[in-house]
2 protein chains.
Amino acid sequence: MSDDALVIFTPSGKRGRVAKGTPVLAAARALGVDLDSVCGGRGICSKCQVAPGYGEFPKHGLHVGEDALSPINAVEARYDRIRGLKEGRRLGCQACIQGDIVIDVPPESQVHRQVIRKSASERVMEMDPATRTLFIEVPEPSMHEPKGDFERLSEALAAQFGLTGLQAGLPVLAQLQKVLRKGHWQISAAVNEAGNGTPPRLVAVYPGLREAALYGLAIDLGSTTIAGHLVALDDGRVLASSGLMNPQIRFGEDLMSRVSYAMMNEGGAEEMTRAVQEAMGSLAETLATEAGVERGDIVEAVVVCNPVMHHLLLGIDPVELGQAPFALATNEALDLHAADIGLAPLAPGARAYILPLIAGHVGADCAAVALCEAPEAREDLSLIVDVGTNAEILLGNKERVLACSSPTGPAFEGAQISSGQRAAPGAIERIEIDPTTKEPRFRIIGNDFWSDDPAFGTPTITGICGSGIIEAVAEMRIAGILDPSGLIGSAEQVGTARCCATGRTHEYVIHDASPDGPRITVTQGDIRAIQLAKSALYAGARLLMDEMGVDKVDRVVLAGAFGAHISPKHAMVLGMIPDVPLEAVTSAGNAAGTGARMALCSRKSRRAIEAQVQRIVKIETAIEPRFQEHFVAANAIPHATAPFEELAKVVTLPDVGFNAGGAPEGGGRRRRRG
Amino acid sequence: MSDDALVIFTPSGKRGRVAKGTPVLAAARALGVDLDSVCGGRGICSKCQVAPGYGEFPKHGLHVGEDALSPINAVEARYDRIRGLKEGRRLGCQACIQGDIVIDVPPESQVHRQVIRKSASERVMEMDPATRTLFIEVPEPSMHEPKGDFERLSEALAAQFGLTGLQAGLPVLAQLQKVLRKGHWQISAAVNEAGNGTPPRLVAVYPGLREAALYGLAIDLGSTTIAGHLVALDDGRVLASSGLMNPQIRFGEDLMSRVSYAMMNEGGAEEMTRAVQEAMGSLAETLATEAGVERGDIVEAVVVCNPVMHHLLLGIDPVELGQAPFALATNEALDLHAADIGLAPLAPGARAYILPLIAGHVGADCAAVALCEAPEAREDLSLIVDVGTNAEILLGNKERVLACSSPTGPAFEGAQISSGQRAAPGAIERIEIDPTTKEPRFRIIGNDFWSDDPAFGTPTITGICGSGIIEAVAEMRIAGILDPSGLIGSAEQVGTARCCATGRTHEYVIHDASPDGPRITVTQGDIRAIQLAKSALYAGARLLMDEMGVDKVDRVVLAGAFGAHISPKHAMVLGMIPDVPLEAVTSAGNAAGTGARMALCSRKSRRAIEAQVQRIVKIETAIEPRFQEHFVAANAIPHATAPFEELAKVVTLPDVGFNAGGAPEGGGRRRRRG
């Protein structure tokens, strides 16, 4: 009889021979099998549970006898009695291999669990968080060897888990002595290993064996809103999601106003930093409360944001981002103490990771979109557009990825539009105009019915939000209310009394409850604002396409909350995005938030996006003369092109032209950043 | 003619052949000669000045011609015109070697300047501070390559100074952009290289070339006072010294009371941490003002303190230090952000280094004494005593160094003495008692005359300070007012009316201005308190001597401010310290403060004391039964021994004995920690 035995682990298929008597956990480690263990093999944590298989395994040519593992021992029996062990399961640290065997590692016993990310692309995400819990027994202090409690913990972690050079900040040091004594010298240490060469850091300590997960925050810090998810770091599930207004809005609606505020007011940047850091703290509190999680169990955060918010969050005056050459103070990924950016009180040593910035106007939020969408992983050419006050645009495939930012201004968000407003109940979000009668019907946020449905009732209609104005302008063009240059026709030209003269131009009345209610119209000025915005967006995309040497893309991904609400058809009619088949336009939802969650759950994702950001080719629209050309050329609302003809099958597009032959107006370059 | 030339550097004597045309600075680097340069060889900083020697050098068999160096070039001429170059000096980065030459590196051009420490031992200290200034030109930002200002600085430092992996905290990042632009992309970067494997850290940035020194603080954080020096980091000179009361005194005079305060009051430890951190900040401010130095030019601090102060400074509850086994939260040296311990606002990235603790009662202050006195460097056996509320005692030679702490209590500091007070104007600090008349004469702090001198005048006499009470008790023994057991004799027994009965014991009246002024006496209780304190000190020293296997030491060093004021003769009469020849007793002055300055000026000193603390054998008096025996045995005020007979030549010691044969009183162990 041989002294060793064949062990085959499933589902990995890893196999090898080990000496008889080897515990399953030791065999798994020796063969590089991903089997969890928090307590270091003491039979306490039960994380190393395995399911041995007995009987015939013809595939492997194996017969596994009942005696292939050592009998259930006292430790397992005790665990089963007190905590309950699932039928057929063994503790990997206790069961020893006595003969050839096939052992299944159930998903919950794998350290690097794979989870399916819920998104259009359904990519698999591997759980590989930076912070893990280690159950450890620390030698008691002795007057004969006056070594500090921390030093004894550090040595125990080195001896039992091979973790060398542990570091600890003062806040976690301040808790250590009490926790060690409360846990009777057995504690669970939350240790952060950034995986980028920095030494491991002690993040938190808990008395005894901590079986609950640790938690993390994924935060998308936008100019207008701050949105966050609270995520369990064992399997990546989202336990709470919440958002709040960015309190910096009181210093300026858009980012450029905030940069100006910093320039004009002594201490203005500090004031804005305080405001946003306080908001980060209260978001953390809200999320913890909502999820029913102790804030001290939150050990990490990942933040994505645009460059101006990035600098303001860090306490860096953003003034350089307001003028060429838009120099960043720092562009690389940051790994900070969470409290340094207002995320407190979390676990005493909680860390905050901020994704790298791509360029002076292309932020960590765009990096998160790039991480989530991974155009570099695809053969086909993706155009990814994250529409905000600035549009951040990515174009690429496995050969190359390009990025730029385009100064769309806030029109797409309903700002600088006469009846515009933010997306909120009462705002028109969808609109259709009958090409024959030129009569509109619309839907408002918070109401499930079209305005021509009796069930619509008589709600208060407050204005038009970003997606509403895009549909309105596109529908006006489709209905022949606008000519290709963007001019609104008169009542006579268009054939509807809804086109009213105001001074030398006209406006189209969508809804009129005056004098007692609102009168919601689309003015010539609104059309011009949308034209400027869409031209900027389109010109940015074209610039990247020039750089790539292509004149068409294979797919368009609309990212961001706003992107999720845009109607692809209308976006294309308007000329916001290059023509592609309608079915090739998808929404990625909150891709920046998803990217943040990926970076939170996986160090590999962090390393991947850090490397990818280096490789991304950055195009600065401000210094590319062709941007200007594309911008001017894109001002018109497009004529029929090949894919546009395809659109024409869906919608009726009258060929109108009020000032045919006239040059498009409004080609002046407006530099608006934010 | 050869293509290379012999170059000999003095005073190092380093020599070698270099290719003709090699700049002196490059030759120095190639040969490992310690020649400074801040500007990286641009002829700006003038730190690399050298003094070439011409003519005959018979010792080296050399004749150096006038053309051995390249002629003065435009850069040097310009420097000389604008800034002035000393006669005979050349800029090492500009002058090129053209023939065999001898080059002297003047002391001010050496990076590692050696300075003589002003102290009894006059040890040489090498300047090797952790923070240095590097003058650097940073490439301007470009829209084509959107790398952050910090990343470009980091790359420039790597390219020009070989400094890789630079790290920066948020406060210094916040200043970087303004300083780079103010300096027109030339800045002086203060970089901290701890030299312990951690990456270099950006501490501060200054526009243009900074020629002034950087500064550091050496702080001795005591239970009662906090004393600090402001030190120039180029040559170690002390620019200002100041001290303030430790504000924690309001929570308890001695450390044990503060530990109790922390135990009894919710948030008490935090309150004390805040108080001491605020005091650190105001000490920094006072020192900077006194020295006329900008606080932003202070880049480092070194702090030494006892373990309780250490923990309170760091925000760690000291409760474990109040009870066996006196477990430290952490014992190793710490390298922190200075602001984390209240030292703000200094340079934005200023660091604070705290020396390692030796044991639960043997602090970083004792480590600093060990660094300063370096008993391990000597053949003879040193007993080093730092007297405070706890006496910290070191005994050792090059073979071995032992350390312990002994609970002397506050009597030596004038506390718990009936007429005791802190050392302050009006306090009796010296006293002599005529052995014949038993009449005292004394001196008070703030008065240059003895009390029996007419010039003494009629000052207010407020009490007796620590050194005064030691002299008083020893003089009382010498004058026969005390018997060997410490009992004060009656007026009849002693033969002076100054011995007055109070209840069942007597007191000795030193000064009586009653009823309008103070009546200053030494009571039997005072004698007992001093006996307890000196017994503890002596027992600690004896315990270490037992451990070392010796019954005498070669020298005694009295450290600390108090140690500087103790009269060795009286200390030996009293039996505070083991008998040695009087000339073998020296005062080390503020050895802890000097040790702190050494660690501030030299990373080698930090590494040396970190290693030495590991090697020091720690003896815990609380668990050594022999400590108790020594303590009881040491209660008497000694009889004549060999060295004591030597003392007898100096002083007249009557052989008195009021209760001859009676056992010494007061052997009860008092455990007082602090």
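Visitor: In which sense do strand β23 and β24 of chain A pair, and over how many bridges?

Guide: In this predicted model, β23(A), residues 427–433, and β24(A) pair in the antiparallel sense over 5 bridges; two strands count as paired if DSSP finds at least two bridges between them, so β23(A) and β24(A) satisfy that condition. Within this pairing, E432(A) stands opposite R441(A) of β24(A), and the two strands form a hairpin with 6 residues between them, where K438(A) in the turn has a positive phi of about 65°.

Visitor: Which side chains of β24(A) are buried, and which are not?

Guide: Along β24(A), residues 440–444, the side chains alternate, with P440(A), F442(A) and I444(A) pointing to one face and buried, whereas R441(A) and R443(A) point to the other face and are not buried.

Visitor: What makes β16 and β18 of chain B edge strands?

Guide: The open sheet of chain B has 6 strands in the order β16-β15-β14-β17-β19-β18, with mixed pairing, and β16 (238–245) and β18 (334–337) are its edge strands, since each pairs on one side only. The partner of β16(B) is β15(B), residues 225–232, joined in the antiparallel sense over 7 bridges, with A227(B) opposite G243(B).

Visitor: Why is helix α9 of chain B called largely enclosed by the rest of the structure?

Guide: Buried means under 20% relative accessible area, and because 13 of the 13 residues of α9(B) are buried, the helix is described as largely enclosed by the rest of the structure.

Visitor: How many Å does α9(B) reach, and what span is expected?

Guide: From its first C-alpha to its last, α9(B), residues 466–478, reaches 19 Å, close to the 18 Å expected at 1.5 Å a residue.

Note on methods:
Residues numbered from 1 in each chain as written. Chains lettered and ligands numbered in written order. Predicted model: local features only at pLDDT ≥ 70, side-chain atom pairs only at ≥ 80, totals over all residues. Heavy atoms only, no water. Helix = DSSP H or I, 4+ residues; strand = E, 2+ residues; numbered from the N terminus. Expected span 1.5 Å × (residues − 1). Buried < 20%, exposed > 50% of the residue type's maximum accessible area, 1.4 Å probe, protein only.
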